[in-house]
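Student: I have a structure open and would like to go through its helix packing with you. Could we start once it is on the screen?
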Amino acid sequence: MKRIVQFVILFLTLNSYVSAEELSTVIDSLEQIHKQAEAGDASAQARLGELYANGVGVSIDANKSVEWYRKAAAQGYPEAQYQLGAMYGSGEAVTSVNKDPSKAAEWYQKAAAQGHPKAEFELGSMHLKGEGVTRDATKAVEWFKKAAAQGHAQAQSELGWMYQNGKGVARDSVLAYAWHDLAVAHGNDNAKKLRDLTNLNYAQRAEARELSANWKLGQVLSR
């Protein structure tokens, strides 16, 4: 580990990407994270998994990334569980993990059970498509609502689509508009087109906008 870090640091120094003072901080930080991870610190293990996955301060190593995520996930660390779910969901560029939707759903479930919004969204998507789990639009809505209540913009937009099309819920154009509007407010530009295609009269549009404007974190929009 130390040798790899030193090589990367030397490369960065020679190419003037960072100062010597910054490099010293990077070395100390990486070594400290590694010591904590070796000692069983779940958050440090998950951090190492991330560093190896993205090649930050170390060479990209998918197998080591999986190894450290597994250690953290085994201790119940939700972010590591989510990342393992994502790896099994794609199987891309990860030599020790083949694509396996069932395992992806299993890890997403563990993270979602602890309130991880991204895992909740992914689990909802899997139920909607029937990948790795039974196709169930109602369950998809349940998980989308959990993620949306935490401000997950894509989950909010998905709920808008579900209400727009009556998938897993009764069709409701006001709630469809409101969820799309909330998704736009949280940075999902794709939701704008879907929102503007929702057919509402003046009173319904005003109601929908009031719902989204008064939304608070942790809330599920309802009428």
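Tutor: Certainly. Please note that this is a predicted model. A convenient starting point is helix H6 (residues 101–112), which packs against H7 at an angle of about 140°, with the two axes 8 Å apart.

Student: Are H6 and H7 oblique or roughly antiparallel, and why?
Tutor: They are oblique to each other, because an angle has to be over 145 degrees to count as roughly antiparallel. H6 passes H7 in a left-handed crossing.

Student: Which residues make that contact?
Tutor: From H6, the contact uses Pro101, Ala104, Ala105, Tyr108, Gln109, Ala111 and Ala112, and from H7 it uses Ala119, Glu120, Glu122, Leu123 and Met126. Sorted by class, the contact of H6 with H7 has nine nonpolar residues, one polar residue and two charged residues.

Student: Moving along the chain, at what angle do H7 and H8 pack?
Tutor: Helix H7 (residues 117–129) and H8 pack at about 160°, and their axes are 8 Å apart. H7 and H8 are therefore roughly antiparallel to each other. Their crossing is left-handed.

Student: Which residues meet there?
Tutor: On the H7 side they are Pro117, Glu120, Phe121, Leu123, Gly124, Ser125, His127 and Leu128, and these meet Lys139, Ala140, Trp143, Phe144, Lys146 and Ala147 in H8. The contact of H7 with H8 comprises eight nonpolar, three polar and three charged residues.

Student: What comes after H8, and where does His152 lie?
Tutor: His152 lies in the loop that joins helix H8 (137–148) to helix H9 (153–165).

Student: Is His152 buried or exposed, and why?
Tutor: His152 is buried, because its relative accessible area is 16% and the cut-off for buried is under 20%.

Student: What does His152 touch?
Tutor: Leaving aside residues up to four places away in sequence, His152 touches Pro117, Lys118, Phe121 and Ala147. Pro117 and Phe121 of H7, and Ala147 of H8, also take part in the contact between those two helices. In addition, a polar atom of the His152 side chain lies 3.1 Å from the backbone nitrogen of Ala155.

Student: A change of topic: where is Ser43 found?
Tutor: Ser43 is found in helix H3 (residues 42–54). Ser43 counts as partly exposed because its relative accessibility is 37%. The side chain of Ser43 makes a polar contact with the side chain of Asp41, at 2.6 Å. The C-alpha atoms of Ser43 and Ile33 are 9.1 Å apart, and these residues are separated by 10 residues along the chain.

Student: How does H3 pack against H4, then?
Tutor: H3 and helix H4 (residues 62–74) pack at an angle of about 160°, with their axes 8 Å apart. H3 and H4 are therefore roughly antiparallel to each other. The crossing of H3 past H4 is left-handed. The residues involved are Ala42, Gln45, Ala46, Leu48, Gly49, Glu50, Tyr52 and Ala53 of H3, together with Lys64, Ser65, Trp68, Tyr69, Lys71 and Ala72 of H4. By class, the contact of H3 with H4 has eight nonpolar, three polar and three charged residues.

Student: Finally, how many helices and strands does the chain have?
Tutor: The chain has 12 helices and zero strands.

Student: And what share of the residues counts as buried?
Tutor: Of the 223 residues of the chain, 39% are buried. Among contacts in the chain with a separation of 6 or more, 48% are between residues 24 or more positions apart.

Conventions. Residues numbered from 1 in each chain as written. Predicted model: local features only at pLDDT ≥ 70, side-chain atom pairs only at ≥ 80, totals over all residues. Heavy atoms only, no water. Helix = DSSP H or I, 4+ residues; strand = E, 2+ residues; numbered from the N terminus. Buried < 20%, exposed > 50% of the residue type's maximum accessible area, 1.4 Å probe, protein only. Polar contact = N/O pair within 3.5 Å; in protein donor to acceptor, adjacent residues only side chain to side chain. Contact = heavy atoms within 4.5 Å. Axes fitted to C-alpha atoms, helices over the stretch in contact; angles between N-to-C directions. Parallel < 35°, antiparallel > 145°, perpendicular 65-115°, else oblique. Left-handed = near helix turned anticlockwise from the far one by under 90°. Nonpolar A, V, L, I, M, F, W, Y, C, P; charged D, E, K, R; others polar.
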